[in-house]
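Reader: Could we go through the packing and the charged pairs in this model?
Author: Certainly; let us begin with the packing.

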Amino acid sequence: KELHGEQAKGSELSRLTRGKFRFLYLKKAKRRTEKENQHINDVFKANEHFLKLELIKERMITFFDETNAVTAKTVFEEIGDWIWQSGFQHLMKWYFRLKIMQVCGYLNSRYITTCNQVVAQKR
């Protein structure tokens, strides 16, 4: 939302990232059509911040697919590093809150075993 707000109204990049295109950025990359991928790649060429956010989003999706606490923690820390390196202030605050929730036990790895059993049953 912040990146969208930074675009000059009426600019080409603003047109490419708003309106009917705004939900493309929430969609998983593997679920996009060829036309949608071409559109989003044009945006990435015009503004590298959108590309960085896309990489963070896609990596966050993989976080939820991890099968054990060790690899999940590694991915989580990697995401934090990418957020800090990119300088996204709002994401830094969000990541800090997630870290607090993890330390307090709300994002506890004790649920991983249960989740893995459910995933294994679905396969």
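**Core and salt bridges**

Author: In this predicted model, the largest nonpolar core has eleven residues: Ile56, Met60, Phe63, Ala72, Val75, Phe76, Ile79, Ile83, Phe88, Met92 and Tyr95.

Reader: Which helices each supply at least two residues of this core?
Author: Those are H4, H5 (69–86) and H6 (89–104). The largest share, five residues, comes from H5.

Reader: Is there another core apart from that one, and how many residues has it?
Author: Another core lies apart from it and has nine residues, including Leu24, Ile40, Phe44 and Phe50.

Reader: Back to Met60: where is it placed, and why does it count as buried?
Author: Met60 is in helix H4, which spans residues 48–63. Met60 counts as buried because its relative accessibility is 12%, and the cut-off for buried is under 20%.

Reader: Changing topic, how many salt bridges does the structure hold?
Author: There are seven. One of them joins Glu48 to Lys52, with the closest N and O atoms 3.3 Å apart. Both residues lie in helix H4, four residues apart, about one turn of the helix.

Reader: Are Glu48 and Lys52 buried or exposed?
Author: Neither; Glu48 is partly exposed at 48% relative accessibility, and Lys52 is partly exposed at 27%.

Reader: Which residues are linked in a network of salt bridges?
Author: The network links Arg32, Glu54, Lys57 and Glu58. Between Lys57 and Glu58, the closest N and O atoms are 3.1 Å apart. Lys57 counts as buried at 18% relative accessibility, whereas Glu58 is partly exposed at 23%.

Conventions. Residues are numbered from 1 along each chain as its sequence is written. This is a predicted model: local features need pLDDT of at least 70, side-chain atom pairs count only at pLDDT 80 or more; totals for chains, interfaces and linings use all residues. Side-chain values use heavy atoms; hydrogens and water are left out. Buried means under 20% relative accessible area, exposed over 50%, partly exposed in between (1.4 Å probe, protein chains only). A nonpolar core is a set of buried Ala, Val, Leu, Ile, Met, Phe, Trp, Tyr and Cys residues joined through side-chain atoms within 4.5 Å. A salt bridge is a side-chain nitrogen of Lys or Arg within 4 Å of a carboxyl oxygen of Asp or Glu.
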